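Dear colleague,

I am passing on the structure below, together with an account of what was found in it. Please read the account with the coordinates open beside you.

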Amino acid sequence: MCVSSAYGRWVEAEKKLKETPALLRTPAGYVQASPWMAISNKSVELMHKFMSELGLSPVSRSRVATTHHIGPKPWEFTGEDEDQFFT
């Protein structure tokens with residue numbers, strides 16, 4: 001299974017949950033959670049695992065080392081170093 005299929009299942013389950021109640025009564029009279037709720041929860045769990053594998057969760061993003069950018073960022077251009085480009 002991949003991230004896109006887990007996301008697709010989650011979207012479908014959430015749509016069905018909007019159409020049907022979260023709790024259902026069985027023919028024997030017992031109340032149980034909708035099967036769409038279990039599908040939605042499992043899909044979210046799988047997406048969370050995939051995101052942590054890819055370094056997309058907040059905790060895993062904090063573990064990613066980044067390099068410091070040398071020099072000004074493009075939006076911080078002041079025009080002072082203009083001579084180095086136009087001489």
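The side chain of serine 43 reaches the backbone oxygen of isoleucine 39, at a distance of 2.9 Å, in what is, I should say at once, a predicted model. Serine 43 belongs to helix H2, and with a relative accessibility of 3% it counts as buried, because the cut-off for that class is under 20%. Once its neighbours within four places in sequence are set aside, serine 43 is in contact with Ala6, Arg9 and Trp10.

A second serine of H2 deserves to be read alongside it. Serine 40 lies in helix H2 and is likewise counted as buried, at 3% relative accessibility. The side chain of serine 40 is joined to the side chain of glutamate 14 by a polar contact of 2.5 Å, and, if residues up to four places away in sequence are not counted, serine 40 touches Trp10, Ala13, Glu14 and Leu17.

As for H2 as a whole, its 20 residues should span 28 Å at 1.5 Å a residue, and the C-alpha atoms at its ends are 29 Å apart, which agrees with that expectation. The buried residues of H2 are Ser40, Ser43 and Met47; viewed down the helix axis they fall within an arc of 65°, so they line one face of the helix. H1 is included in what covers these buried residues. After H2 comes glycine 55, which has a positive phi, near 80°.

Turning to the partner helix, H1 takes in residues 3-19, and for these 17 residues a rise of 1.5 Å a residue leads one to expect a span of 24 Å, in agreement with the 25 Å that separates the C-alpha atoms at its ends. Ala6, Ala13 and Leu17 are the buried residues of H1, and they cover an arc of only 40° around the axis, which puts them on the same side of the helix. These buried residues pack against helix H2, residues 35-54, whereas the face of H1 turned away from its buried side carries Ser4, Lys15, Lys18 and Glu19, which are exposed.

Which aromatic rings pair, and how are they set to each other? The count comes to 1 aromatic pair, formed by tyrosine 7 and tryptophan 10, whose ring centres are 5.8 Å apart and whose planes meet at 40°, so the pair is classed as tilted. Both residues lie in helix H1, 3 residues apart, which is about one turn of the helix. Tyrosine 7 is partly exposed, with a relative accessible area of 45%, and tryptophan 10 is also partly exposed, with a relative accessible area of 28%. Tryptophan 10 has already appeared above among the residues that serine 43 contacts and among those that serine 40 touches.

Two further sites may be worth a look. Alanine 22 lies in the loop between H1 and strand S1, residues 23-25, and is partly exposed, with a relative accessible area of 36%. Alanine 22 and serine 34 are 12 residues apart in sequence, while their C-alpha atoms are 5.2 Å apart in space; leaving out residues up to four places away in sequence, alanine 22 touches Gln32, Ala33, Ser34 and Met37. The other site is serine 60, found in helix H3, residues 58-63, which counts as buried at 7% relative accessibility. Apart from its neighbours within four places in sequence, serine 60 is in contact with Met51, Ser52 and Gly55, the last of these being the glycine with positive phi that follows H2.

Finally, some values for the chain as a whole. Its secondary structure comes to 4 helices and 2 strands, which along the sequence follow the pattern α-β-β-α-α-α. Of its 87 residues, 13% count as buried, and the accessible surface comes to about 7,500 Å², of which 60% belongs to carbon and sulfur atoms. Among the contacts in the chain with a separation of 6 or more, 41% are accounted for by residues 24 or more positions apart.

With best wishes

Methods:
Residues are numbered from 1 along each chain as its sequence is written. This is a predicted model: local features need pLDDT of at least 70, side-chain atom pairs count only at pLDDT 80 or more; totals for chains, interfaces and linings use all residues. Side-chain values use heavy atoms; hydrogens and water are left out. The expected span of a helix is 1.5 Å times one less than its number of residues. Buried means under 20% relative accessible area, exposed over 50%, partly exposed in between (1.4 Å probe, protein chains only). The arc is that of the directions from the helix axis to the C-beta atoms. Contact means heavy atoms within 4.5 Å. A polar contact is a pair of N or O atoms within 3.5 Å; within protein, one must be able to donate a hydrogen and the other to accept it, and residues adjacent in sequence count only if both atoms are side-chain atoms. Rings of Phe, Tyr and Trp (its six-membered ring) pair if their centres lie within 6.5 Å; planes under 30 degrees apart count as stacked, over 60 as edge-to-face and the rest as tilted. Accessible areas come from the Shrake-Rupley method with a 1.4 Å probe; for residues, only the protein chains shown count as cover.
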